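Biologist: I would like to learn how to read the surroundings of a residue and of a ligand. Could we go through them step by step?

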Amino acid sequence: MAAGSAIQIPTRLPLLLTHESVLLPGSTMRTSVDSPRNMQLVRSRLLKGTSLRSTIIGVIPNTSDPTSDCDDLPNLHRIGTAALAVQVVGSNWPKPHYTLLVTGLCRFQILQLLKEKPYPVAEVQQLDRLEQFTNGHKSEEELGELSEQFYKYAVQLVEMLDMSVPAVAKLRRLLDNLPREALPDILTSIIRTTNQEKLQILDAVRLEERFKMTIPLLVRQIEGLKLLQKTRKSKQDDDKRVVAIRPNRRISHGSITEDEEEEEDHDDVVMLEKKIRTSSMSEQALKVCLKEIKRLKKMPQSMPEYALTRNYLELMVELPWNKSTKDRLEIRAARIVLDNDHYAMEKLKKRVLEYLAVRQLKNNLKGPILCFVGPPGVGKTSVGRSIAKTLGREFHRIALGGVCDQSDIRGHRRTYVGSMPGRIINGLKTVGVNNPVFLLDEVDKLAKSLQGDPAAALLEVLDPEQNHSFTDHYLNVAFDLSQVLFIATANTTATIPPALLDRMEVIQVPGYTQEEKIEIAHRHLIPKQLELHGLTPQQIQIPQVTTLGIITRYTREAGVRALDRKLGAICRAVAVKVAEGQHKEAKPDRAELGEGEDCKEHITEDAKPESISDTADLALPPEMPILIDFHALKDILGPPMYDMEVSERLNQPGVAIGLAWTPLGGEIMFVEASRMDGEGQLTLTGQLGDVMKESAHLAISWLRSNAKRYRLTNASGSFDLLDNTDIHLHFPAGAVTKDGPSAGVTIVTCLASLFSGRLVCSDVAMTGEITLRGLVLPVGGIKDKVLAAHRAGLKRIILPQRNEKDLEEIAAPVRQELSFVLASCLDEVLNAAFDGGFAVKASLEHLNSKL
Ligand code: ADP
C-alpha cells in the first residue's frame, strides 16, 4: 500500500485500454492507439493537458480487441498500471492513429468507474509504493531469502549476455542500484514472456507472490540461453571449418566474384570496414564510422541494433562525400537547350541565363536561390530539369507538398527502430554525387505540426552560410551541401514562410495564352506523346484547329498539364486503332488538308464524316494518318466540358463578370445580385473573406450615396436603395473560398445593373479595388486575369488606370484581340460596362448623400 512519504498518483485516472500488450511498472512500452476511446484520450487529455499530472494515465491490459470497439465498454481488468505518457507521435497512414510511449509507474486497482465517454475515467487506489529512487536505497521488506535468491538468478541471467553491449552493462548496474522490489516487474518485461504471464505478474499484488512467480520465469530464460550458447558454440566450430576450407576454394576458383564474397557475413563486415577506410568521407565521419564498426563486430547479429548500425554504415559509405560531376557550363549552349526544351517564357529564360552567366563568371555557388512561382503545368519543374541538363549535373526533385515533420528534412535520430535520413541526404544517396540540382517542389505547401516546423529545417539547408555543415539527425555528422544547386517552385508566394522567402529570388511564371499553348502542344507535347505511345506522325495527325478545340472546350487552365493529358488520351485511342490495324480509310482530301481555317471550315461542313470510332473495315494503306477532327475529339474525349456560357448568364440585370486571381491562374467570376422586400439587410454568400465582405459594404455605400445622381431606385421607386429592401450578393462557385479587394468594381457594376434594371455588356470583365469616394485602385495578378478573360472569349476588360504598366507583359496577339478600358474612378467603370454608357443624369450639386 502507498506509504505516507511516497509519491501518490492521482485518485482519478483516465484509462487507456490496451489489447495486445501488458505494461508493468518500471518498464517502457510503445503502443499504437487507434480505437475511438483511446484516440479521444490522447487528443483531449495528452495533447491538450499542460501539467505533468495530465500526462499520468492508467493502462488497463487485456481488453477485448479494439477493432470490435463498440459503444459499450468491455469488461475491464481490475488491476492496471499507472503510467507516464512520455511521447505522442501522430500519423495518418494507413489510418489515423497515435503511437504512445508510456513508462509504467505503479499498480493500481479500479475502485469505481466514474465515466465511460468519451474515454473511461476511474477512481483508483494505488497498490505499489512509488518512491523517488535515492542512491543506495535498499529494500526494507522482510523478504530476505526470497529476494536474495531472485537477485542471484537475475545476476546470472544478465551475466550470460554480452557485457560489451551498453544496454546490458547498464542493466547489470541497475540490478544493484534499484530497490529489490522493483526488479520482478522490470525483469519480467525484459525476458521472453507471454502476455498471459505478464498479466499474472501484474495481478500479483503481494511482493512475495511476485518474487515467487518470477523466479521460474528467470530460470526458464537461463536454461534457454544455456541451450542457445551450446548450439551456437557447435555452429561456430562448424563456421571455423568452413572458413578453413574457403581459402582453398578461393585459390582453386581464382576469380570468385565480389557478390559471392558478400554473402558471407563476417567477410561482409570486414569489407565494410575496408570500404569505410578507403572512402573519402570527412575526418569526423570516419571517426564515427570506425567506432561504430568496432561495436558492430562485437554485437550478436540477432540484436536489432546490429541491422541498424549496419544500415547506417552502409549509407555512410554510399554517400557522395567527395564525388561530383564536372560542370560544363557554356552560356550559348545553355540558351540553346532552354530554347529547344521550352517555347515562350522569355522572361524566365532570360533570368535563368543571367543566373547561369554569373555562375560561370564567379565560379561559386553562393547566390540567391531561384524560386519559380506560377500556376501548375507552366513548366517550372521542367525548366529546373533543363538547368541541370545545361550544367551537366544530376537532377533530383524533392516534393515538399504536405511535409509537416521536420524529420522529413533533417532525418530521424538513430534511437528509433525504422529511423532514416531526411530527404536531402536520401536525395544525395540516390544521385550519387554531391553537386546535383535539387528541385524543392511546392515550397508553398509546407505544413506545420507537432513534429516541428519543416520550413525552419529548410532554412538551414538553403542558407549558404550554414549549409556547408548541414547535420542530418540520422547521420549525426556534418555533410557539406554547399555544392548543391537548389531551385524552388511554388504556386503562390503568399503561403511561403517569410524567412524562407527572404532567402529566395522569386521569378513569376505566368500562364500561357491560347496561341502559346498551341505552339507548345505542336512543338513539344504532341511529339512527346507520340513517342510515349509508339506512334509516328504518319499514323496520326492533329491539326492546330483541333488543338485549339481541346484548349478552349476541354481544358480551362493556365498551364498545359490538362492539355497534355488530353493529348495522351487521344494518342491512346489512336494506338488501339493502329494496333488493331483497322481504321477507316480517310478521304484523301481530308488527310491532306493543311492546318488552320480551311480545315475548320471543311470539318464543319462535313455533317458526319468518318471518325475513328467508325469501325467499317477497309483495308488500309499503313501510311494514311488518322486525322483527329472534332468528331474524333468528341468520340475520344466525350462531349465538350466548357462551352461559351458567358453571354447566357448575362441575360438579366444584376450579373457582372469579375476577374479573380488564384494560385492556379486567373479565373473569370460571375457576381450575381438580387433584391427583395426586407429591412435593408445585405446577405453575402459564396465563402467570402473579410476583405471581400468589406468591398461589398463599400460598394453599397457608394451606390446609396450616388443613387440620385444615377437615378438608381429600389423597387418602390425610392432613392434610398435599402429602404424596405434586402440585397443578396452571391459569388459562385460557392464552395471555393474567395478573398481580396479586387472584386470591388464588379460588385458596384453588378448592383448598378440591379438597381437600374439595365444589362451589363456580355463581353466585359473587370477588376479593381474601390474606395468610398469612388476611386479605383490598382490590383495584382493582371496578366493571369487578362489571360483568363481571353480564354473565356471576353472582349473588353476594365482595369484600374494605375495597372496600365502591367499590360506590357501581355503578349501582343492577346492584346490585339482585347480592348482595355483604364479607369481611375467608378464613373468610368460604369460608363464602360454598360452599352451606351451609364450617363450621369443629375449635376453634382444636387447630390444628396445618405451616408
Ligand atoms: P509545373 O512544374 O509548373 O507544374 P511542369 O514542369 O511539370 O509544370 O510542366 C508540365 C508539362 O508541360 C511538362 O511536360 C512540360 O514539359 C510541359 N511544358 C510546360 N511549359 C512548357 C513550355 N513552355 N514548353 C514546352 N513544354 C512545356
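Biologist: Leaving aside its neighbours within four places in sequence, which residues is Thr 552 in contact with?

Modeller: Contact means heavy atoms within 4.5 Å, and by that rule Thr 552 touches Gln 514 and Tyr 642 once neighbours within four places in sequence are set aside. Please keep in mind that this is a predicted model, in which local features need pLDDT of at least 70, side-chain atom pairs count only at pLDDT 80 or more, and totals for chains, interfaces and linings use all residues. Residues are numbered from 1 along each chain as its sequence is written, and side-chain values use heavy atoms, with hydrogens and water left out.

Biologist: Is Thr 552 buried or exposed?

Modeller: Buried means under 20% relative accessible area, exposed over 50% and partly exposed in between, with a 1.4 Å probe and protein chains only; Thr 552 is at 16% relative accessibility and therefore counts as buried.

Biologist: How many residues surround the ligand, and which are the closest?

Modeller: A residue is near a molecule if one of its heavy atoms lies within 4 Å of it, and here 18 residues surround the ligand, the closest being Tyr 343, Lys 380, Thr 381, Lys 528 and Arg 561.

Biologist: Which ligand atom does a polar side-chain atom of Arg 561 lie 2.5 Å from?

Modeller: For Arg 561 the partner is an oxygen atom of the ligand. Thr 381 likewise places a polar side-chain atom 2.4 Å from a ligand oxygen atom, whereas for Tyr 512 the polar side-chain atom lies 2.9 Å from a ligand nitrogen atom.

Conventions. Polar contact = N/O pair within 3.5 Å; in protein donor to acceptor, adjacent residues only side chain to side chain.
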